[in-house]
Amino acid sequence: MAVASVVACCSLVIMVLMAAVATAGSVPAVYVFGDSLADVGNNNHLLTLLKADFSHNGMDYAGGKATGRFSNGKNSADFLADKLGLATSPPYLALSSSSNANYVNGVSFASGGAGVSNATNKNQCITLDKQIEYYSGVYSSLARSLGQAKAATHLARSIFAITIGSNDIIHYAKANNAATPSQQQQYVAALIQSLSGQLQSLYNLGARKVLFLGTGPVGCTPSLREMSSAKVCNAVGNAMAVQYNKAAEGVLSGMAAKNTDLHYALFDSSAALLRYINQPAEYGFVEAKAACCGLGDMNAKIACTPLSSYCANRSDHVFWDFYHPTEATAQKLTATAFDGSAPFIFPINVRQLSAI
């Protein structure tokens with residue numbers, strides 16, 4: 001019996017290791033698009049007010065220095081790469097200045113402030129349309145260096161991670177706090193019309209495995225809570241996030257029905273993050289309303305700057321600053337996207353997507 005148990009145990013370990021290798025080996029690169037939730041330094045290279053290359057940002061990152069991530073440490077792009085056994089995809093603007101830029105190992109185009117709409121934070125970020133334009137150049141570069149067929153195979157195996165929409169909805173909710181459901185739906189419909197074309201452009205440029213990280217419950221960010229005298233979540237922002245995520249899933253499922261080689265996983269960030277906000281203790285958090293770093297009421301009046309106060313224990317806060325999650329929150333959310341199931345990640349999770 002003892003020998004049989006040892007053999008069974010060894011067999012199990014081997015199977016687990018093989019599964020891990022298969023998962024990592026099946027995805028050669030991650031191409032990242034989106035906003036500050038995934039920006040790993042692109043905005044460092046822009047003349048913009050939307051930067052995070054100063055303290056106290058990055059205080060828990062390796063080396064304890066700000067990197068341009070809107071976080072106390074790693075963000076979702078880092079944790080996704082970790083799960084896939086890859087290095088974090090570097091910022092495009094850091095690579096594009098080199099005459100020997102290597103795009104085979106992945107690239108991040110994500111830019112703090114970006115939205116689906118080009119009007120969102122205009123002239124302060126790399127818009128999603130501009131990100132796709134930059135990627136088009138990367139696509140051409142890969143085709144030249146690898147050959148068209150190998151480039152197509154490489155991109156088909158890679159994951160295209162997209163997190164976009166939060167800034168559009170936050171801006172709308174702040175400016176239209178009394179918007180009717182019909183007005184909210186009209187704005188979301190306009191976003192989805194643009195998003196549909198943007199996703200189609202990525203498909204036309206080789207994207208075959210798409211991870212779409214839906215908008216979180218932006219109405220519960222400290223900045224929008226602070227607008228309420230009772231410090232409750234902004235109903236307009238949260239309702240629009242739900243509508244947007246549902247509509248984005250409709251776009252992706254429709255594309256997949258027409259293109260059988262397209263596979264996707266959609267992460268409902270709103271539903272997943274609301275668990276931490278509504279039941280923080282169950283998920284290891286103490287503070288789910290106020291920001292860790294900032295100034296003013298709930299640390300939500302002014303962004304995290306070198307002059308801001310910050311909490312002693314970042315891991316027990318859901319929010320790092322008035323908009324962004326802490327490293328701890330990003331890690332938990334990514335783990336759910338990677339190995340979770342519906343209703344949070346569907347129709348498949350990231351592990352399953354990577355194995356296709």
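Strand β3 pairs with strand β4 (residues 209-213) in the parallel sense over 4 bridges; two strands count as paired if DSSP finds at least two bridges between them. The model is predicted: local features need pLDDT of at least 70, side-chain atom pairs count only at pLDDT 80 or more, and totals for chains, interfaces and linings use all residues. Residues are numbered from 1 along each chain as its sequence is written, and side-chain values use heavy atoms, with hydrogens and water left out. The protein has 12 helices and 10 strands; helices (H or I, at least four residues) and strands (E, at least two) are DSSP runs, numbered from the N terminus.

**Strand β3 and its neighbours**

- In the pairing of β3 with β4, A161 stands opposite L211.
- Strand β1 (residues 30-34) also pairs with β3 in the parallel sense, over 5 bridges.
- The bridge partner of Y31 in β3 is F160.
- β3 spans residues 159-163, and 5 of its 5 residues are buried, where buried means under 20% relative accessible area, exposed over 50%, and partly exposed in between (1.4 Å probe, protein chains only).
- In a regular strand the side chains alternate between the two faces of the sheet.
- Both faces of β3 are covered, with I159, A161 and T163 buried on one side and F160 and I162 buried on the other.

**Overall dimensions and surface**

- The protein has a radius of gyration of 20 Å, which agrees with the value near 21 Å for a compact globule of 356 residues; the radius is taken over C-alpha atoms, and the globule rule is 2.2 Å times the number of residues to the power 0.38.
- Along the principal axes, the C-alpha atoms fill a box of roughly 60 × 55 × 40 Å.
- Of the 356 residues, 52% count as buried.
- The accessible surface comes to about 15,000 Å², and 59% of this surface belongs to carbon and sulfur atoms; areas come from the Shrake-Rupley method with a 1.4 Å probe, and for residues only the protein chains shown count as cover.
- Among contacts (heavy atoms within 4.5 Å) between residues at least 6 apart in sequence, 71% join residues at least 24 apart.

**Charges**

- There are 23 positive and 20 negative side chains, and the centres of the two sets lie 5 Å apart.
- Lys and Arg count as positive and Asp and Glu as negative, while His and the chain ends are not counted.
- Each charge is placed at NZ of Lys, CZ of Arg, CG of Asp or CD of Glu.

**Backbone features in loops**

- A cis peptide bond runs from A342 to P343, with omega near 10°; P343 is found in the loop between α11 (327-339) and β10 (345-346).
- The bond joining F346 and P347 is cis, with omega about -5°, and P347 is placed in the loop between β10 and α12 (350-355).
- N121 has a positive phi, near 50°, in a residue other than glycine.
- N121 lies in the loop between β2 (107-108) and α4 (128-146) and is buried at a relative accessible area of 17%.
- N299, not a glycine, has a positive phi of about 55°.
- N299 lies in the loop between β7 (293-294) and β8 (309-310) and counts as buried at 15% relative accessibility.

**Y187 in helix α7**

- Y187 belongs to helix α7 (residues 181-204) and is partly exposed, with a relative accessible area of 22%.
- Not counting residues up to four places away in sequence, Y187 touches T120, D168, Y172 and M240.
- Y187 and D168 are 19 residues apart in sequence and 9.4 Å apart in space, C-alpha to C-alpha.
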